[in-house]
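Please open the structure in your viewer and keep the selection panel at hand. The stops below proceed from strand pairing to cysteines.

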Amino acid sequence: MFRGAARMFSVVTTTSVCRGILSSIRHYCKKTPTKLRISKALSGAELGANVRVQGWVRSVRAQKTNLFLHVNDGSSLQSLQIVTSSKQTDPLLTFGSAVEVTGTLKKSPHQKQAVELEADQIHVVGTCNPPDFPFKIKERHSLEYIRQFPHLRCRTNAFSSLLRIRSEATTAIHSYFKENDFVQIHTPVITSNDCEGAGELFQIEPSSPEKEENENFFSVPAFLTVSGQLHLEVMSGAFSRVYTFGPTFRAENSQSRRHLAEFYMVEAEVSFTQSIEDLTKVMEDMFRFATEHVLAHCAEDVDLFHKHVTPGHRDKVDSMLKKSFPVITYSEAIDILNRSSQKFVFPTHWGCDLQTEHEKYLVKHCGNIPVFVTDYPYDLKPFYARDNRDQPEHTAAAVDLLVPGVGELCGGSLREERLDLLRARLEEAGLEDTYSWYLDLRRFGSVPHGGFGLGFERYLQCVLGVDNIKDVTPFPRFSRSCHL
Ligand code: 4AD
């Protein structure tokens, strides 16, 4: 509209007409409030401006002469205080309702906030009946309670903070890889392989298989991916540093606090690796980079967790970042467990898989900071793990990163690049035909390479101290639960 008026001004040149148009432009500009996000309004940069904000009411307080509202639009943990005459009180203006407010941004006379909006007009866009709304004004609901309302929990302070942190951590991880010259690969969600060989696959097929065109849709059995690793390995034959960050799926019939049926995984693959240290360096650097970024860019949101949800957790995070992460071998880990006075439920003999109770003990033993465990028994690891032929015990060049409160955060390995050894292992498993393309990768310009995967939800649990993985993902999927 403004641009249209200006164009008219350049065509009609009579002075009085110009004056008239200019005054109507001024009038229009004065009348049209600038639409502002609440984080911008709170920054104080627009003091004195006539603005329009939109959001959801987080509190309503009526006093003798004034009505105070706090309105939040998700751009910040803080809400903007709106002040208006109590004559403006509208019964529809309740906790949880959606509003549009116009008025003037002013310096607040109260210490609690720097800025407030003196409202000229408040329009209720969407009503909300408080007795029916599951969240109550001024009440701090537990994560367990709000988990019952997956369609509404983003309206609470805690969960909106979590979602902003999750978004910022995603940005940080992409930035880390960009700054370190990794190329992002969009690995497929639908695949015909079981990378981990654990048989925890969700098979997919058209919802109406009886239709002729849907019969045998992909010609081969197809699954939701459990890992993008093998597709990254394809790319690592042409790109020396690649990564992917996307959803992965496991049909694990688990109700545990660290397993989901759908979770996000960050995976990296590095070519021309000399040793497992090349991988632990990337894992540790990425962990530090992302965590420092989140602490710096989401300070208020992280504080909410560290003060009200998991009090005292900030000190634990600071101590994780202070020291470099220790490295122990699997054999040393077994020794530590066997020397412990703690009674474990699961056995701790050489060759056993490390269970959560073992992982948590090892982390504690190493000073409650992240710890790398390397060189696992060969038979515990999938077909792609590199055989450590030079060691007395039969181990693979695999590494897990164990972290406080969670246990395993990352799993990775050097990949078997030697054609004869890889072929023999695939033959033994009867997989030589299935993976003939994978053997090709070793035939044509094969190089030593390796990589790892980090469970993104477990990362958030570790940094925020959240006990249950269902509380760090927007829409948790697990066995016997797929709401929405
Ligand atoms: O150790 P995993 O199974 O490793 C792989 O899938 C490799 N192919 C990755 C690679 O080398 N590119 O899984 C990696 C991480 C685990 O350490 C864990 O943090 C997370 O993914 N994870 C889960 N997170 C939530 N729910 C589950 N069911 C998970 N399973 C694994």
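Select Thr329 and Thr374 together: Thr374, in strand β14, is the bridge partner of Thr329. The model on display is a predicted one.

Extend the selection to residues 327-329, which form strand β13, and to β14; the two strands run parallel and are joined by 3 bridges.

Next, add residues 395-403, which form strand β16. The pairing of β14 with β16 is antiparallel and extends over 6 bridges. To inspect one position in this pairing, select Tyr376 and Ala396: Tyr376 stands opposite Ala396, which belongs to β16.

Now select residues 371-377, the whole of β14, and display the surroundings. How many of the residues of β14 are buried? The count is 7 of the 7, so the strand is largely enclosed by the rest of the structure.

The tour then turns to the cysteines. Select Cys298, which is buried, with a relative accessible area of 4%. Which cysteine sulfur is closest to the sulfur of Cys298? That sulfur belongs to Cys462 and lies 16 Å away, too far for a bond, because a disulfide requires two cysteine sulfur atoms within 2.5 Å.

Move on to Cys352, which is also buried, with a relative accessible area of 7%. For the sulfur of Cys352, the closest cysteine sulfur is in Cys366, at 16 Å, and this separation is likewise too far for a bond.

As a last stop, consider the disulfide tally: under the 2.5 Å cut-off, the count comes to 0 disulfides.

How values were computed
Residues are numbered from 1 along each chain as its sequence is written. This is a predicted model: local features need pLDDT of at least 70, side-chain atom pairs count only at pLDDT 80 or more; totals for chains, interfaces and linings use all residues. Side-chain values use heavy atoms; hydrogens and water are left out. Buried means under 20% relative accessible area, exposed over 50%, partly exposed in between (1.4 Å probe, protein chains only). Helices (H or I, at least four residues) and strands (E, at least two) are DSSP runs, numbered from the N terminus. Two strands pair if DSSP finds at least two bridges between them.
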